[in-house]
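Please look over the sequence and the structure shown here before reading on. The report that follows takes up the cysteines, a sheet with its packing helix, the nonpolar cores and one serine.

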Amino acid sequence: MNKPELLAPAGDMERLKIAFLYGADAVYIGGSLFGLRANAKNFTIDEIKEAVNYAHNLKKRVYVTVNIVLHSKELEDLVTYLKKLDKIGVDAIIVSDPAVIVLASKYTDLEIHLSTQQSTLNYEAVKFWKRHNVTRIVLAREASREEIREIKANVDIEIECFIHGAMCAGFSGRCVLSNYFTNRDANRGGCAQICRWDFDLIGDNGLIKGEKPFTFCAKDLSMLKFIPEMIDLGIDSFKIEGRMRSIYYIATITSIYRKVIDEFCQDSLNYTYNKEYENILSMCANRDSFPQFFEGTNLESFQYYNERIEVSNQDFLGLVLDYDENSKMVTIEERNYFKKGDVVEIFGPNIPTITYTIDTIIDSLGNVIDVVRHPNQIVKIPLDISVPVNSMMRIKRNNL
């Protein structure tokens, strides 16, 4: 069985390291130029070099997004940038504009992955891109299982599919609402997410009143229960969306998909779907999730329309900075309010999830306190079980 690559997002070096620690085989990052996340922190050339060196020491990979729609005035700067990425040794660039493919092929030896922004859904298009030096296709999010199967049967090329994250109301991101409403170009990294705004809904007889304003916001994508089927389809890379997401989100999502991939590949005949994994994912994000287009039908239940609910997630309580074997104390950097008596979980790389009730909290001055409420406050908590640095503490939810 061909085990697929697990590809995670990384908005900065901290998130890159967390993604690798929690099981990613590769990450995709954006540079300070030519990427589609203008509001992300993004990586300078020196930081890209640091990221590539770090990943390669772990025998893992880094892909750099160069996926904006270009204007002619940018072509000269693009060539200079591509040459720098080639010299650094990035494992691939992710592109949507054919001009980037032409120039990367002419001036560099960079491997080229075609972005989902090209909305590729058929095998003839895949054949076309393969003839033009593309080595991997990131299929449109709208691809169904039958379309994926047909593409794999007709073209010998790497296929990458999204498995988790936000969906776009436009066709694989080809949307100009942001341009019209805010003068921010969605296809150049400035999307204002107009599809998530609330609107008045106008019908033939005027304003239609509902309990809530109208929105055409898409619910998120989650392919967790379909991972075995996607592996059997021969998909080469599973992609998680979210370069602007938190380290908690990246750690949680990456670790759960890592478990599912490994469990199925190690013993596919006896594999059983773990409902608890699904519950953990649902607690990590603030939107509902569905398989979207994979089964060939996109239902109205996959959209919010007028019942949209997005509650700020405060499950992430703290990051483990240290564990003292002698004192049996774990050092936590606070990320959200917690207190004595809370039932919490610590999860981390290569350890089973630990559940316990907080009994004692000691601040940095050695005082025993009842509540941790200050941003990034450092505290110690007694814990009999050793946990690695960069493990995370979250609230224990009753339905897990």
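A search of the whole structure finds zero disulfides, a disulfide being a pair of cysteine sulfur atoms within 2.5 Å. This is a predicted model, in which local features need pLDDT of at least 70 and side-chain atom pairs count only at pLDDT 80 or more, whereas totals for chains, interfaces and linings use all residues. Residues are numbered from 1 along each chain as its sequence is written, and side-chain values use heavy atoms, with hydrogens and water left out.

Two cysteines are set out below, with accessibility classed as buried (under 20% relative accessible area), exposed (over 50%) or partly exposed (in between), using a 1.4 Å probe and protein chains only.

| Cysteine | Nearest cysteine sulfur | Relative accessibility |
|---|---|---|
| Cys168 | Cys195, 5.7 Å | 30%, partly exposed |
| Cys284 | Cys217, 17 Å | 6%, buried |

Cys284 forms no bond with Cys217 because their sulfurs, 17 Å apart, are too far from each other.

Helices (H or I, at least four residues) and strands (E, at least two) are DSSP runs, numbered from the N terminus. Eight strands make an open sheet with antiparallel pairing, in the order β17-β16-β22-β13-β14-β21-β18-β19, where two strands pair if DSSP finds at least two bridges between them. Because β17 (351-357) and β19 (368-369) each have a single partner strand, they stand at the edges, and one side of each is left without a neighbour in the sheet. Strand β16 (residues 343-348) runs antiparallel to β17 and is joined to it by five bridges, and Val343 has Thr357 in β17 as its bridge partner. Helix α9 (residues 247-266) packs on this sheet, touching β13 (316-324), β16 and β22, with contact meaning heavy atoms within 4.5 Å.

The largest nonpolar core holds 90 residues, of which Ile29, Ile48, Val66, Ile93, Met230 and Met392 touch the most other members; such a core is a set of buried Ala, Val, Leu, Ile, Met, Phe, Trp, Tyr and Cys residues joined through side-chain atoms within 4.5 Å. Helix α9 gives the largest share of this core, 12 residues. A second, separate core has 21 residues, including Ile332, Ile351, Met393 and Ile395.

Ser391 lies in the loop between β21 (378-382) and β22 (392-395), and Ser391 is buried, because its relative accessible area is 0%. Among the residues that Ser391 touches, not counting those up to four places away in sequence, are Tyr22, Gly318, Phe347 and Ile351.

Notes. Axes fitted to C-alpha atoms, helices over the stretch in contact; angles between N-to-C directions.
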